[in-house]
Amino acid sequence: MQTILEPQTSFSVSDAGFYGRFGGAFIPEMLYPNVEELRQNYLDMIADPGFQAEFWHLLEDFAGRPTPLFLAKRLSAQVGATVYLKREDLCHTGAHKINNTIGQILVAQRLGKKRIVAETGAGQHGVATATVCALMGLECIVYMGSVDIERQQPNVDRMRMLGAEVRPATSGSQTLKDATNEAMRHWINNPVDTHYIIGSVVGPHPYPDMVARFQSVISEEIRKQLLVKTGRENPDYVVACVGGGSNAAGAFYHYLHEPSVRLVAVEAAGLGVTSGHSAATTALGKPGVLHGSRTILMQTEDGQVTEPYSISAGLDYPGIGPLHAHLFESGRGDFYAITDDDAIEAGFNLSKLEGIIPAIETAHALAALPLMNLQPDDVVVVCLSGRGDKDLSTYSKYL
Ligand SMILES: *Cc1c(COP(=O)(O)O)cnc(C)c1O
């Protein structure tokens, strides 16, 4: 898929699963057979014409693709550049996550799996997973921290209505990191008939690459749509928020090797980068291993994972995917950290200016625009990763 490049300038995954010095598969021996089965099969499976036909059919007729590329005129006037919004918020289930779960359910079917296990924080990935399991008639078990089950009741109900079993993760801080541990444990104990659908570009190789490929439909569409609208395929900037980094990986994918396109990744600063309540991984983190890959993560002096904080559940993760760690370290990407308050303000701003209520995750990406020193000729594409319906109770505290 990618042309030949010097290893140090490549942003594609290597055969061994690395992006620069990040990535790999640091997994317990018990998990090896499952991950290896996936690694040996995923590329051939995805390349198969039958797979491609079914993937695109479901993206179009079930998920609602292609999503529009919208010229945000009033926002453009405000920031002093031409801003397009890639409308992933219009996808079925309200965010980009469905692109990945559709791809992975097709992989699971072809591997002959009967059961799906997934982890979820806010419940968005759990809902997207339960949705494709209902569609395909596969059993679905979603692990969710008990604390998150309390805070995200509507998504718990959605998953149950879709036929999924939601199992509480009661260890540790009872949030996403613990749900991930439980889901991995479940997979170890059920290696033959279960597939684990990871929700972002994280986890052991081949997950980050597989998820990025499924999400790459975002930048594939941006190129075509931008060409029609502006006569050029390449914007000056692509901007996306980063939790684990899947919507960003999808929006960046076809621009990774286009040096004229600046890739802008926006993390959550929570109450402030140095406040002790933050999820600004690249600002605060150091290299280490999290959930099976070497990446940058927030950790204590002796290497214990630090509890992250963000107002947006989707960005409340102590690490980032290995691709993004490499984009950061190599300088290929520009990284910003946006506080809760600035994100909320950007969410209100877009709602009033363009009639689009964004997810609070997405609002972080929008809040970076005024910081980017944009020029009048610049063309900017913002990945509008999701819609804000799920966040109304949070937004309403600021009304
Ligand atoms: C889950 C989620 C995110 C964060 O996940 P990434 O893998 O970083 O994309 C961002 N935006 C929305 C709307 C989400 O639901």
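Colleague: What makes the pair between N247 and the ligand a polar contact?
Modeller: A polar side-chain atom of N247 lies 2.8 Å from a ligand oxygen. A polar contact is a pair of N or O atoms within 3.5 Å, so this pair qualifies. K97 brings a side-chain N or O atom to 2.7 Å from an oxygen of the ligand. In S385, a polar side-chain atom is 2.8 Å from a ligand nitrogen. The protein covers 97% of the 380 Å² of accessible area that the ligand has on its own (Shrake-Rupley, 1.4 Å probe).

Colleague: What kind of model is this?
Modeller: A predicted one, where local features need pLDDT of at least 70, side-chain atom pairs need 80 or more, and totals for chains, interfaces and linings use all residues. Numbering runs from 1 along each chain as its sequence is written, and side-chain values use heavy atoms, without hydrogens or water.

Colleague: Which residues are closest to the ligand?
Modeller: K97, S200, G243, G245 and S246, out of 17 that surround the ligand (a heavy atom within 4 Å).

Colleague: How are these residues classed?
Modeller: Four are nonpolar, eleven polar and two charged. Gly counts as polar in this scheme.

Colleague: Which domains supply the shell around the ligand?
Modeller: Domain 1 (19-58 + 97-210) and domain 2 (64-95 + 216-396) each give at least three residues. The bounds come from an automatic or database assignment.

Colleague: Where does the ligand sit?
Modeller: In the largest cavity. To sit there, more than half of its atoms must lie within 2 Å of the cavity's grid points. A cavity is a set of points on a 1 Å grid over the protein atoms alone, where a 1.4 Å probe fits but cannot get out.

Colleague: Which peptide bond is cis in the loop before α9 (207-215)?
Modeller: H205 to P206, with omega near 15°. P206 follows β8 (194-197) in that loop. R65 and P66 are also joined by a cis bond, omega about -5°.

Colleague: What is unusual about H291?
Modeller: Its phi is positive, about 45°, although H291 is not a glycine. H291 is in the loop between β11 (286-290) and β12 (293-297).

Technical notes. Polar contact = N/O pair within 3.5 Å; in protein donor to acceptor, adjacent residues only side chain to side chain. 1 Å grid on protein atoms, 1.4 Å probe; cavity = no way out; pocket = protein on both sides within 12 Å on 5 of 7 lines; lining within 4 Å. Helix = DSSP H or I, 4+ residues; strand = E, 2+ residues; numbered from the N terminus.
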